[in-house]
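Biologist: I am new to this structure and would love a close look at a single part of it. Could you pick one spot and then walk me outward from there, step by step?

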Amino acid sequence: MKPVAILRHDPLQGPGYLLDFLVRHGIPHRLFAIDAGDTPPTRASEFSGVVVLGSPASVNDGLLWMRREERLLVDALHLSVPILGHCFGGQMLARALGAEVRRNPVPQIGWGRVFVTQFDESRRWFGPRRELQLFHWHYETFAIPRGARRVLFGSYCMNKGFAYGPHLGVQSHLEVTEATVRSWCAQGVSEIADHAGPAVQDAADLLADLPAKVAALHCIADQVYGQWASRLARPVLLRPHGGEGWGRALNGG
């Protein structure tokens, strides 16, 4: 099986629980640490899937590595290589599909409810629940690309997630762990204070009942990651004609 490409843009915004999921299910992966000087790949055919993680940058900054990542995503869309975008990654996917990314009406930081829409795609990605408690840390938001379905919406940000065939972009963080949330809170003390408002929690609220909140988030992540991984191209064993031995073939997943 070809590896999943994981694009990281900040040392504190790593794959977290997603990495645990991939390892647990024997899915090979390759991490591209863009923040440490790695160059993003451009050939989606080398991977079974592409994951784009968060970033403190704006997708509208037009940096060279962003343009290279966008070419990778366009190639993945052309080849139907499944893409999974977390926060900034969801914005990059939306942009690759031709949608606008703009400033959200208010910053959103902390734990908050989102609502699952009634489309069939929404149920496939998120199961039967109509409300989810997710972790948010963003200032911008994406428009829903043409041909995509809004699968999540929220009170402070309307477009919290969209699905486009085997691809999913979410305006939240499914990958965070307890350590992730603690490190973001420690680094973002002044950021939280500077943007105090109705959709920004203080550190005490962010960290309250953290183990239980993260455990519930990971149950949601298992559903989403499992659905996404089911679309990855995987090698499967097939019995050749005559019934002697085994051969290998690719299953589109």
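Modeller: Let's start at Cys87, which is buried, because its relative accessible area is 5% and the cut-off for buried is under 20%. Please keep in mind that this is a predicted model. Cys87 sits in the loop between β4 and α3, the helix of residues 88-96. Its backbone deserves a glance too: phi of Cys87 is near 55 degrees, a positive value in a residue other than glycine. That catches the eye because most residues other than glycine have a negative phi.

A second residue invites comparison with this one. Asp209 also is a residue other than glycine with a positive phi, near 50 degrees. Asp209 belongs to a loop as well, the one between α7 (203-207) and α8. Its surroundings are another matter: Asp209 counts as exposed, because its relative accessibility is 59% and the cut-off is over 50%.

Now step back from Cys87 into the strands. β4 pairs with β3 in the parallel sense, over three bridges. One place to see this pairing is Val50, whose bridge partner in β4 is Ile83. β3 is covered on both faces: Gly49 and Val51 are buried on one side, and Val50 and Val52 are buried on the other. β3 also runs parallel to β1, and four bridges join the two. There, Ile6 stands opposite Val51 of β3.

These strands belong to a wider arrangement. Nine strands make up an open sheet with mixed pairing, and if you trace across it you meet them in the order β2-β1-β3-β4-β9-β8-β7-β5-β6. At the edges stand β2 (29-33) and β6 (131-142); each has a single partner strand, so one side of each is left without a neighbour in the sheet. From one strand to the next, the twist averages 20 degrees.

Helix α1, residues 17-24, packs on this sheet, where it touches β1 (4-8), β2, β3 (49-52) and β4 (83-86). The direction of α1 makes about 155 degrees with that of β2. Which residues of α1 are buried? They are Tyr17, Leu18, Phe21 and Leu22. These four lie on the same side of α1, because they cover an arc of only 140 degrees around the axis. Their cover includes β1, β2, β3, β4 and α8. Just after α1 comes Gly26, with a positive phi of about 65 degrees.

Let's cross to another part of the sheet. Strand β5 (residues 101-116) runs antiparallel to strand β7 (residues 149-154), and three bridges join them. Val114 has Gly154 as its bridge partner in β7. Val114 turns up again in the surroundings of Leu152: among the residues that Leu152 touches, leaving aside those up to four places away in sequence, are Val114, Phe126, Leu134, Met158 and Val170.

That brings us to how the inside is filled. In soluble globular proteins, nonpolar side chains tend to be buried together. Here the largest nonpolar core has 44 residues, and Phe126, Leu152, Leu168 and Tyr225 have the most contacts inside it. Helix α8, residues 210-229, gives the most to this core, with nine residues. Apart from it lies another core, of 28 residues, including Ala44, Val59, Leu93 and Ala99.

Our last stop is a partner of α8. Helix α5, residues 178-187, packs with α8 at an angle of about 120 degrees, and their axes are 9 Å apart. The two helices are therefore oblique to each other. On the α5 side, Glu178, Val181 and Arg182 make the contact; on the α8 side, Leu210, Pro211 and Val214 do.

Arg182 is a good residue to end on. Its place is in helix α5, and it is partly exposed, with a relative accessible area of 43%. Not counting residues up to four places away in sequence, Arg182 touches Leu207 and Leu210. Arg182 and Pro11 are 171 residues apart in sequence, yet 14 Å apart in space from C-alpha to C-alpha.

Note on methods
Residues are numbered from 1 along each chain as its sequence is written. This is a predicted model: local features need pLDDT of at least 70, side-chain atom pairs count only at pLDDT 80 or more; totals for chains, interfaces and linings use all residues. Side-chain values use heavy atoms; hydrogens and water are left out. Two strands pair if DSSP finds at least two bridges between them. Axes are lines fitted to C-alpha atoms, for helices over the stretch in contact, and angles run from 0 to 180 degrees between N-to-C directions. Contact means heavy atoms within 4.5 Å. A nonpolar core is a set of buried Ala, Val, Leu, Ile, Met, Phe, Trp, Tyr and Cys residues joined through side-chain atoms within 4.5 Å. Buried means under 20% relative accessible area, exposed over 50%, partly exposed in between (1.4 Å probe, protein chains only). The arc is that of the directions from the helix axis to the C-beta atoms. Angles under 35 degrees count as roughly parallel, over 145 as roughly antiparallel, 65 to 115 as roughly perpendicular and the rest as oblique.
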